[in-house]
Amino acid sequence: MRKIKIGYFADGIWSHYAFLKIKNDPRFEFAFIVPRFDTQDHTLFDFAQRFSIPYIKSKDINSEEFIKKINHYQSEIFVSMSFNQIFKEPLISLPKLKTINCHAGKLPSYRGRNILNWVLINDEKEFGITVHYIDEGIDTGDIILQRTYPISEQDDYSTLLKKAHIECATVLHEALILFYNHQVFPTPQDHERGFYCPMRILGDELIDWNQNSRNIFNFIRSLNTPNLGAKSYIDQKPITIFKSQLIPNAPNYISTPGVVVGVHKNDIIVKTLDNTIRITDYLFDGKIKIGDRLKNETNL
């Protein structure tokens with residue numbers, strides 16, 4: 001049976017699901033695995049050991065030394081899944097089927113990083129997963145396959161992440177089947193309507209209370225994992241907020257955004273630019289009372 005040999009550049013949970021889905025398909029085999037150079041991911045190493053797949057680390061995948069090394073394995077296609085180095089020529093075109101990437105974004109919109117955070121912040125009603133050719137831009141190569149998935153009012157970063165982990169593997173596998181069946185008909189991206197999202201960094205988690213309740217609700221749900229959380233400060237003490245609720249028919253009125261206007265059991269009601277929002281899941285070392293002000297760190 002004919003097999004397509006894959007050079008796999010990968011890291012993290014995304015890559016684990018995809019590896020197993022592809023490995024279980026007899027039409028494909030892994031020629032080698034290249035992890036992130038600074039990886040903390042031991043699962044891919046364990047896969048390499050278990051299935052006798054060469055495991056190659058490289059600080060610079062575009063170096064002549066690395067290209068010479070992997071050329072020995074005669075891969076037919078390179079696949080990038082959550083990899084963090086930029087591919088350049090001649091590496092991109094080294095295999096006969098070239099190099100593809102699986103991106104958890106609806107290209108040409110949402111190029112770049114931390115896409116699942118940004119789609120929630122932007123109040124999108126769906127997110128996309130795209131398999132595309134890699135070129136020398138950032139997520140700008142021709143689209144091979146794209147799927148979209150709805151975002152509900154109950155969704156947050158945690159739920160989208162779980163769905164994306166599974167569906168990225170599915171879409172990547174479907175794209176590889178297109179290659180196997182010689183059914184790839186790529187679509188160029190419309191670069192005029194595309195946009196790029198930067199990586200979120202320390203400080204981006206601070207809540208701007210001078211926004212309306214809907215924007216703040218979306219911001220909080222975009223950061224609601226235990227290792228993230230939206231943040232604010234009360235009397236110079238940090239408060240980490242994981243969940244909030246919009247309040248139906250809350251009156252619109254002018255007052256000071258960020259002021260606590262209600263405390264009900266463990267919930268707090270906070271004034272926003274237009275009305276109020278209910279904070280239902282948070283961490284705070286102290287007691288919160290009506291009149292307290294939530295502020296950005298820079299506004300202490």
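Student: Where does Asn-62 sit in this predicted model?

Tutor: Asn-62 is in the loop between helix H2 (43-50) and helix H3 (64-71). Keep in mind that the whole model is predicted.

Student: What makes the link between the side chain of Asn-62 and the backbone oxygen of Ile-86 a polar contact?

Tutor: The two come to 2.8 Å. A polar contact needs N or O atoms within 3.5 Å, one able to donate a hydrogen and the other to accept it. The value is inside that cut-off, so the pair gets the name.

Student: Which residues does Asn-62 contact, leaving aside neighbours within four places in sequence?

Tutor: Ile-67, Ile-86, Phe-87, Lys-88 and Leu-91. Contact means heavy atoms within 4.5 Å, so each of these has to meet that limit with Asn-62.

Student: And how far from Asn-62 is Ser-82 in space?

Tutor: Their C-alpha atoms are 17 Å apart, with the two positions 20 residues apart in sequence numbering.

Student: Okay, over to Ile-13. Why is Ile-13 called partly exposed?

Tutor: Its relative accessible area is 42%. Buried means under 20% and exposed means over 50%. Ile-13 falls in between, so "partly exposed" is the right label. Ile-13 belongs to helix H1 (residues 12-23).

Student: What makes Ile-13 eligible for a nonpolar patch?

Tutor: Patch residues need over 30% relative accessible area, and 42% passes, so Ile-13 can count. Ile-13 forms the surface patch with Tyr-17 and Ile-166, and together they have about 280 Å² of accessible area.

Student: Now the inside. Which residues have the most contacts in the largest nonpolar core?

Tutor: Ile-6, Tyr-8, Ile-100 and Leu-172, in a core of 51 residues. Helix H5 (residues 157-180) gives the most to this core, with 14 residues. Another core lies apart from it, with 19 residues, among them Trp-209, Phe-219, Ala-230 and Ile-279.

Student: How do you know that Ile-6 is buried?

Tutor: A nonpolar core takes in buried residues, and Ile-6 is in one, so its relative accessible area must be under 20%. Beyond four places in sequence, Ile-6 touches residues including Ile-22, Phe-28, Ile-77 and Leu-176. In soluble globular proteins, nonpolar side chains tend to be buried together.

Student: What about the chain as a whole: how many helices and strands are there?

Tutor: Six helices and 14 strands. Buried residues make up 50% of the 300 residues.

Methods: Residues are numbered from 1 along each chain as its sequence is written. This is a predicted model: local features need pLDDT of at least 70, side-chain atom pairs count only at pLDDT 80 or more; totals for chains, interfaces and linings use all residues. Side-chain values use heavy atoms; hydrogens and water are left out. Patches are made of residues with over 30% relative accessible area and no salt bridge: like charges are joined within 9 Å, nonpolar side chains (Val, Leu, Ile, Met, Phe, Trp, Tyr) within 5 Å. Accessible areas come from the Shrake-Rupley method with a 1.4 Å probe; for residues, only the protein chains shown count as cover. A salt bridge is a side-chain nitrogen of Lys or Arg within 4 Å of a carboxyl oxygen of Asp or Glu. Helices (H or I, at least four residues) and strands (E, at least two) are DSSP runs, numbered from the N terminus. Buried means under 20% relative accessible area, exposed over 50%, partly exposed in between (1.4 Å probe, protein chains only). A nonpolar core is a set of buried Ala, Val, Leu, Ile, Met, Phe, Trp, Tyr and Cys residues joined through side-chain atoms within 4.5 Å.
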